[in-house]
Amino acid sequence: MQITTIGLDLAKHIFQVHAVDEMGKVAIRKRLRRSEVLPFFAGLRPCLIGMEACATSHHWARELIKLGYTVKLMPPAYVKAYVKRGKTDAADAEAICEAVTRPSMRFVPVKSAEQQSVLMLHRMRALLIRQRTMLVNALRGHLAEFGIIVAQGINRVRELIKLMTDDSADAVLPPLARRALAPLVDQLLDLQPRIRALEAELLAWHRQSQESRRLETIPGVGFITATALAATVPDPSHFRSGREFAAWLGLTPRPNSSGGKERLGRISKMGDGYLRTLLVVGATAVIRYARTKTAADTAWINSLLARKPARLASVALANKTARIAWAVLAKGEVYRAPAPAA
């Protein structure tokens, strides 16, 4: 019996294995506990293993690659079509085993531990920023009950914090209310240094990464977006073109075509929402700059703004930026601005 393909359904504690031989017949159908996974695969001859891409799949892929296996990760949405009936671990493992052998299947590259660490920095920074926004909104709402309003913007929150720490403001804000809001202020003052520390870690990694430094040469891409792109896309060759990369990010129109009639709707918003957000925010900053300039590199943006709304232009520019980012990663070169038209 020569096992050629294995489908491994991952979980926290109980894993399901479905293995087939060269004739496609089921050779092993087995449940494994977490501590039994590596010893079980160490006793088999290395072959092809398919897994669904999830939070822990990259760790298990690296461990199985060390044992000599060929590991391929697949998006769960693409594996679902191969589930015959019902929802069980055995059915999922069988579907994974079938899907990994399809020639048209799309695979997710295995990330290294360093790339996962960089993305963890991004996730922690995004979490702390959401917490900061929540605290700022709560502080603004409570102070508005006493008629205290300041202009919008995270930088204007310092005025509110200064008011909370000023002892001469008792006439405006009762002492009891100040004591009630003191925990919000303490948390706000504690969050900002933590966010800055995470950004310093990202900046240090950005400076030692060639891919990230090349990506920063693209207009609208700072070190935050550059590090996120470099860590998320370890191998640009998985995408055939820049348009396929932009479609993976959900920045291309969703098609709804039939009978030879092409109908394109809004962007699909599929793929990595965090990267898509960073690219759109960066494109918005570029458009704000282009409105005040008449340089040659802003001519395309200004012509688009003359015909389309600013938000649509931001998404279109984000799509263009994604294509440029793929070209920079695939060719290993820096961004070169187009030459001005004659």
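Good morning. I begin with helix α13, whose buried residues are covered by elements that include α8 (210-215), α9 (223-232), α10 (242-248), β7 (264-267), α11 (273-290) and α12 (299-305). Please keep in mind throughout that this is a predicted model.

Which residues of α13 are buried? They are Ala 313, Ser 314, Val 315, Leu 317, Ala 318, Asn 319, Thr 321, Ala 322, Ala 325, Trp 326, Val 328 and Leu 329. The geometry of this helix can be checked with simple arithmetic. Helix α13 runs over residues 310-331, and its 22 residues, at 1.5 Å a residue, should span 32 Å; the end C-alpha atoms lie 31 Å apart, which agrees. Just after α13, Gly 332 adopts a positive phi of about 70°.

The segment after α13 also holds Arg 336. Is Arg 336 buried or exposed? With a relative accessible area of 61%, Arg 336 is exposed, because the cut-off for that class is over 50%. From Arg 336 to Arg 276 the C-alpha distance is 23 Å, for a separation of 60 residues in sequence.

I turn now to one of the helices that cover α13, namely α9. Thr 225 sits in α9, and its relative accessible area of 6% makes it buried. Setting aside residues up to four places away in sequence, Thr 225 touches Leu 278 and Leu 279.

This part of the chain also carries an annotation. UniProt, in an unreviewed entry, lists residues 213-290 as "domain: Transposase IS116/IS110/IS902 C-terminal". Within residues 213-290 the chain is 49% helix and 9% strand, with end C-alpha atoms 23 Å apart.

The second annotation concerns an earlier stretch. According to the unreviewed UniProt entry, "domain: Transposase IS110-like N-terminal" covers residues 6-146. Here the chain is 45% helix and 21% strand, and 65 Å separates the end C-alpha atoms.

Let us consider helix α4. Its buried residues are Ala 91, Asp 92, Ala 93, Ala 95, Ile 96, Cys 97 and Ala 99. What covers them? The cover includes the strands β1 (3-9), β2 (14-21), β4 (48-52) and β5 (70-74), together with α3.

Strand β1 gives us a residue to examine from the other side: Thr 5 is located in that strand. Thr 5 has a relative accessible area of 7%, and is therefore buried, the limit being under 20%. Beyond its neighbours within four places in sequence, Thr 5 is in contact with His 18, Ala 19, Val 20, Cys 47, Leu 48, Cys 97, Val 100 and Thr 101. Cys 97 in that list is one of the buried residues of α4.

Ahead of α4, the loop between α3 (76-79) and α4 (89-99) contains Lys 87. Lys 87 counts as exposed, at 65% relative accessibility. Between the C-alpha atoms of Lys 87 and Glu 244 there are 32 Å in space and 157 residues along the chain.

Finally, I come to the surface. Which residues form a nonpolar patch there? The patch consists of Met 120, Met 124 and Leu 127, and together they have about 250 Å² of accessible area. Leu 127 belongs to helix α5, residues 113-144. With a relative accessible area of 31%, Leu 127 is classed as partly exposed.

To close, I return to Thr 225 and Thr 5: Thr 225 is buried in α9, and Thr 5 is buried in β1. Thank you.

Conventions: Residues are numbered from 1 along each chain as its sequence is written. This is a predicted model: local features need pLDDT of at least 70, side-chain atom pairs count only at pLDDT 80 or more; totals for chains, interfaces and linings use all residues. Side-chain values use heavy atoms; hydrogens and water are left out. Helices (H or I, at least four residues) and strands (E, at least two) are DSSP runs, numbered from the N terminus. The expected span of a helix is 1.5 Å times one less than its number of residues. Buried means under 20% relative accessible area, exposed over 50%, partly exposed in between (1.4 Å probe, protein chains only). Contact means heavy atoms within 4.5 Å. Patches are made of residues with over 30% relative accessible area and no salt bridge: like charges are joined within 9 Å, nonpolar side chains (Val, Leu, Ile, Met, Phe, Trp, Tyr) within 5 Å. Accessible areas come from the Shrake-Rupley method with a 1.4 Å probe; for residues, only the protein chains shown count as cover. A salt bridge is a side-chain nitrogen of Lys or Arg within 4 Å of a carboxyl oxygen of Asp or Glu. UniProt positions are given in the numbering used here, feature names are shortened, and annotations may be inferred rather than shown by experiment.
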